[in-house]
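Please look at the sequence and the 3D structure together. The paragraphs below go through strands, rings and backbone angles in turn.

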Amino acid sequence: QDEEKWDFVLVSDIHEVGSQKEIKRKKFLDELSKKGFTIKKIEDKKLFYGVRAPKQIFRKYQWLLRNPDSRWQTPGAHQDVPVTTRIRIVNFILQNTVTPDLEKLHDLMKKKVFEASFPLHEKEEVREFLKEKWARWRSIFHHQPIEKIRCYFGEKVALYFAWLGWYTRLLGIAAVAGSVVFISGITIFNSSQVSKEICEANTTIMCPLCDQNCPFWYLSDTCTYAKVTHMIDNEATVVFAMFMAIWATVFLELWKRNRATVVTNWDLYGWDEEQEELALQLINNLQHEPRQYQHSYLRSTIVLILVLVMIVVMIGIAHALVIYRVVATALFSQSQCEFLREQANTVAVVTGAVLHYLTIVIMTKVNRRVALFLCDLEKPRTFSQREKNFTMKIFTFQFFTHFSSLIYIAFFLGRINGRPGNYVRIAGKWRLEECHPSGCITDLFIQMAIIMLLKQTISNVMEYLIPCIAHKLRKKQQPPKKRRVVLGEEEEEAEDPCKRQWLNNYRLNEVNIFSLFDEFLEMVIQYSFTTIFVAAFPLAPLLAFFNNVFEIHLDAIKMMRLYRRMVPRKANDIGIWLQVLEAVGILAVIGNGLVIAITSDFIPLQVYKYTYSPCVTENSSGVDCSTGYINHSLSVFRIQDFEPQTRAEALPNFNSTQSKECRYRDYRNADDYSYTVQFWHIFAARLAFLILFEHVALCVKLIAAWYIPDVPQSVKNQLLDKKHSNLRKELSMMEYSTEV
């Protein structure tokens, strides 16, 4: 039965005898035969070549990479290599076998000589266990069998699922904290003094929100919107932002400990990737010379310039979205539909968020191509180096694609739009957007909610449906089983069992080199959403938690049932992703500090409470200290000072006998519209809070990182005992040999 196990299958179209493709295919297969590979050919609508490597190759691998503690074992006492290692070695040799025309398998696949190459999903005990106990929706809350995943898919995939499981488990804590903050916000929905003042301000006349067809309006019209804003923007949000900064550190430190325990159990703690790659090169070709390390400042400069150009393009896209919202607000406010007229700003924000999601989908494809092109420019020495370079570039591009629009909404919206009578305009025509009188944080909340919901629901549905439908369609193309007539009775023709197995594997969806990378990228971007602007969207961890519970099993079902078997990769950590996650953790501190200091109304309200409120000026003990805050935060504008664009259309909608003034959100003097002392007071308080918050949060992060050791003491002791016993054995072997 062992003789019928095949390491890899190569698939090719049936080419004409003597054609260029057929000759190239024959040359490649001849090279494999010279290396001692057994090749079995099966013909169907395509040509299938089963490939089995000789045992000698695996013996060389074991000898070159034997454990230090196996040095005294006799060379003959070897164990069989695991299936995952076997597949990995064969894949390496297939990818690095060179034909007399100096072509590798990669080149031949580009030229359509071969269509596919893949290892087989075997009917083995581990696979059946994983299919039944892991890759099913009913096992959604069961513990993941990481050891079994490792035995079937290799260490890299097992570490991905171990990390994702750990991340999801700790997200549960953040989700509970976020939900508590959100629910506490709902409880003060009607009791907030600031909201009450907005709801009762039925005589406060506000300046028009656009130039044409926008009436003057009463502040009390936005009562509900104000209540929603103060549900998100309250003191609990500050505590939650600090909590999430600490959570991100604790999560990573605990993951490092968890990873150290797991890889020590796998005997991979001190594994050397470079040594492994050199060993595989020598097994494939004894004459191989390693590529030397090189660094070109010219190449690095070109790559850096191109990366900056891409970032500028993405910031340009964010600007385009801003212009869309500005123009959309102007158009909606002139609409015939009453709902669109009244809610022009909110509708523009919502449609802008959907448009932002669409740009994310398109730019993801563009970013990948550009990142691959830049990696080719750099000419990395090894595959793992190429993977690191690619990861850094694609994450940078994706980060700016996802967050440039959010950064604008969080930190620039409503701060660069000027004031009534002197608005900043696009092309001298359209006014920039303004923040709502109750604050900008709701705009950020809407944007975050829409992008996270769309990204997680649509992406997951597409991620599952597309391969599922593709697999079903390929299965339908399956020809009926051949039958033959014997003595007037029909019976099924005996079929080569390999043929059925190879065809079934071929009909599964193709896996590519980026299959696992894509899953990691998706999760790290989600982690960024969950931590960076969490102060504006406390429900982000909850959404991420529910998404991940499904994601784990979605990935499991895809890998086990819908996709061909992945080529196992050896690894002892999650690679460069750890540095990316640590960088996101620092960005989270900066992002949340800025959201509270700049976007939120937390600082202006505190300044008012402790400097200008009735509690300070009148020593009133029974009064809420935020009484009068709204009136204090609105400046007065004389209607006669409006620009011609505004005066022409907006004034007819207003009864001028009521008042000659309107209010707007800012801290300016009524006579010359210069900034008041309070504006500079708040500005200083914002800066002071930002510096204090970030220093405290970063100090707490550093203390947490120091307090929780990266490697558990049990793992250190295990490694210590191992080294000690190895040295003792070496010494006893030496003494024994000298006695003899």
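A residue is called buried when its relative accessible area is under 20%. This structure is a predicted model, and the definition can be applied to one of its strands. In strand β3, which covers residues 47-52, 6 of the 6 residues are buried, so the strand is largely enclosed by the rest of the structure. The residues of β3 point in two directions: L47, Y49 and V51 go one way, while F48, G50 and R52 go the other way. Both groups are buried.

What are the partners of β3? Strand β1 (residues 8-12) is joined to β3 by 5 bridges, and the two run antiparallel. Within this pairing, S12 has L47 as its bridge partner. Strand β2 (residues 38-43) also runs antiparallel to β3, with 6 bridges between them. Here K40 is matched with G50. The strands β2 and β3 form a hairpin, with 3 residues between them.

R52, one of the buried residues of β3, also takes part in a contact with a ring. Its charged end sits over the ring of W6, 4.2 Å from the ring's centre. A contact of this kind is found at K148 too, where the charged end sits over the ring of F129, 4.9 Å from its centre.

Rings also pair with other rings. The structure holds 41 aromatic pairs. One of them is formed by F395 and F399: the ring centres are 5.9 Å apart and the planes are at 40 degrees, so the pair is tilted. Both residues belong to helix α15 (residues 383-411), and because they are 4 residues apart, about one helical turn separates them. F395 counts as buried because its relative accessibility is 9%. F399 has a relative accessible area of 13% and is buried as well. Elsewhere, ring pairs link a cluster whose members include W134, Y160, W247, F390, F517 and W577.

The last topic is the backbone angle phi. Most residues other than glycine have a negative phi. K379 is not a glycine, yet its phi is positive, at about 50 degrees. This residue lies in the loop between α14 (344-378) and α15. Y673 also has a positive phi, near 60 degrees, and is a residue other than glycine. Its place is the loop between β14 (661-665) and α25 (677-707).

Are these two loop residues, K379 and Y673, buried or exposed? K379 is exposed, with a relative accessible area of 52%. Y673, at 7%, is buried.

Terms used. Residues numbered from 1 in each chain as written. Predicted model: local features only at pLDDT ≥ 70, side-chain atom pairs only at ≥ 80, totals over all residues. Heavy atoms only, no water. Phe/Tyr/Trp six-rings, centres within 6.5 Å; stacked < 30°, edge-to-face > 60°. Buried < 20%, exposed > 50% of the residue type's maximum accessible area, 1.4 Å probe, protein only. Lys NZ or Arg CZ within 6 Å of the ring centre and 35° of its normal. Pairing = 2+ DSSP bridges.
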